[in-house]
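User: I am new to this structure and would like to know how its descriptive terms are arrived at. Please take me through them.

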Amino acid sequence: MKIHLSPTRTVLIVLTAGLVGGCATRPALKKAYQNDFLMGVAVNQAQFNGEDRRGDRIIKAQFNCISPENALKWASVHPEPGVYDFTNADRYVAFGESNHLAVIGHTLVWNHQTPRWVYRDTNDDFVTRDVLLERMRDHIQTVVGRYKGRIKSWDVVNEALAEDGKLRRSNWEKIIGDDYIEKAFQYAHEADPNAELYYNDFSLEDEPKRQGAIALIKKLKADGVPITGVGLQGHMKMDWPTVEQEDETISDFAKLGVKVSITELDIDVVRATQENRTADIEANAQQVAGANSYSHGLPAEVQEDLAKRYADIFAVFLEHRDAVERVTLWGVTDADSWLNTPGRVNYPLLFDRNGRPKPAFTAVIQAAQNPDRE
Ligand code: GLA
């Protein structure tokens, strides 16, 4: 029997064979994209502590940049007033340095994973603007200052916008006022004048929220606030955002003269949750019940759809390679993803639960090698 293969198919099979055989020609994401942007991955404690040997091998072989899944969040490094604990954060940064990986800081000011005491006095009432500004300054300058010159880029403020593009009524905004954002950037810049400083958010591909972010970035720049980039988190679905939306979004921010990074990429394949378009962690937690359509594995045709989706979205990133600074996957293997919650098995990343590259991995490598790309 003669099998006719399209050139695309042939490349796919050759690449997959190389991987499965574990031969020396195994492609690497960081190599495939070396002339385009950094290829990053979020790492957890078991990975930067060296306990997850399989994850460790994948990180070192495939990526040239890391983000801390949780190790640098406020609750992790500054759990009590006046108490800083840098045990994990130090290990995270050392792991990056000893493996020659660019090290990202995530995140300084957010409305989640921030202890209640931050906003409250001893009577449990909200503190004043001045007190909260002082706590924020102390936190930012202590954390950024500790890793000065070692952390390349900080997500200074995370998720400040609501879906309508207005500022989210977080405790930060309620207590300090709208200028908490510029203050956070100023404090971070003072602590490390050479660090890249990012505003990071989800769903900026949606029009109202994107317009809000554009207005925010314009205002910050007009006021001389030292912002270098916008992070599109990239918690995607199979049908959202469209490639056109992603393309326009990156263009819109690039036009403002800021860098763009895809900071937390994953693609949720569990169809039962496709209604939920937000990456808000509370909203996701409420909607997952019963959303476990692929608990016994991902059907082959869905694997292929996911591979195609990854290829399409990376083609957009490549078109904007001049503006895009890095693309970071939010987790190493499917087993590590936050999109698995009790009763919900998900498959959003490029490596499967056994650490094997998925068809989506091959598709991403192939997107970089597409001879038609400019
Ligand atoms: C947000 C945060 C990330 C992570 C994810 C999911 O996107 O920025 O740090 O917590 O939610 O958990």
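Analyst: What follows goes through several terms for this predicted model and sets values against cut-offs.

User: What makes up the protein chain in helices and strands, and what share of its residues count as buried?

Analyst: The protein chain has 14 helices and 9 strands. Of its 374 residues, 55% count as buried. Among contacts with a separation of 6 or more, 78% join residues 24 or more positions apart.

User: Why is H13 called roughly parallel to H14?

Analyst: The axes of H13 (residues 300–319) and H14 (residues 359–369) cross at roughly 30° and come within 8 Å. Angles under 35 degrees count as roughly parallel, so H13 is roughly parallel to H14. The crossing is right-handed.

User: Which residues make that contact, and how many are nonpolar?

Analyst: H13 contributes Gln303, Glu304, Leu306, Ala307, Tyr310, Ala311, Phe314 and Leu318. From H14 come Pro359, Ala360, Ala363, Val364, Ala367 and Ala368. By class, the contact has 12 nonpolar, 1 polar and 1 charged residues.

User: What makes strand E6 covered on both faces?

Analyst: In E6 (residues 229–232), Gly229 and Gly231 lie on one side, Val230 and Leu232 on the other, and all are buried. Buried means under 20% relative accessible area.

User: How do you know that E5 and E6 pair?

Analyst: Two strands pair if there are at least two bridges between them. E5 (residues 196–201) and E6 have 4 bridges, in the parallel sense. Tyr198 stands opposite Gly229 in E6.

User: Why is Glu159 called buried, and why is Asp124 called partly exposed?

Analyst: Glu159 has a relative accessible area of 6%; buried means under 20%, so Glu159 is buried. For Asp124 the value is 36%; partly exposed runs between 20% and 50%, so Asp124 is partly exposed.

User: What is notable about phi at Asp124 and Glu159, and where are these residues found?

Analyst: Most residues other than glycine have a negative phi. Asp124 is not a glycine, yet its phi is positive, about 70°. Asp124 sits in the loop between E3 and H7 (129–146). Glu159, also not a glycine, has a positive phi of about 60°, and is found in the loop between E4 (153–158) and H8 (171–176).

User: Which peptide bonds are cis?

Analyst: Most peptide bonds are trans. One of the cis bonds runs from His106 to Thr107, with omega near 0°; Thr107 is in strand E3 (residues 102–109). The bond from Trp240 to Pro241 is also cis, with omega near -10°. Pro241 is in the loop between E7 (235–237) and H11 (243–255).

Methods
Residues are numbered from 1 along each chain as its sequence is written. This is a predicted model: local features need pLDDT of at least 70, side-chain atom pairs count only at pLDDT 80 or more; totals for chains, interfaces and linings use all residues. Side-chain values use heavy atoms; hydrogens and water are left out. Axes are lines fitted to C-alpha atoms, for helices over the stretch in contact, and angles run from 0 to 180 degrees between N-to-C directions. Helices (H or I, at least four residues) and strands (E, at least two) are DSSP runs, numbered from the N terminus. Angles under 35 degrees count as roughly parallel, over 145 as roughly antiparallel, 65 to 115 as roughly perpendicular and the rest as oblique. A crossing is left-handed if the near helix is turned anticlockwise from the far one by less than a right angle, and right-handed if clockwise. Contact means heavy atoms within 4.5 Å. Ala, Val, Leu, Ile, Met, Phe, Trp, Tyr, Cys and Pro count as nonpolar, Asp, Glu, Lys and Arg as charged, and the others, Gly among them, as polar. Buried means under 20% relative accessible area, exposed over 50%, partly exposed in between (1.4 Å probe, protein chains only).
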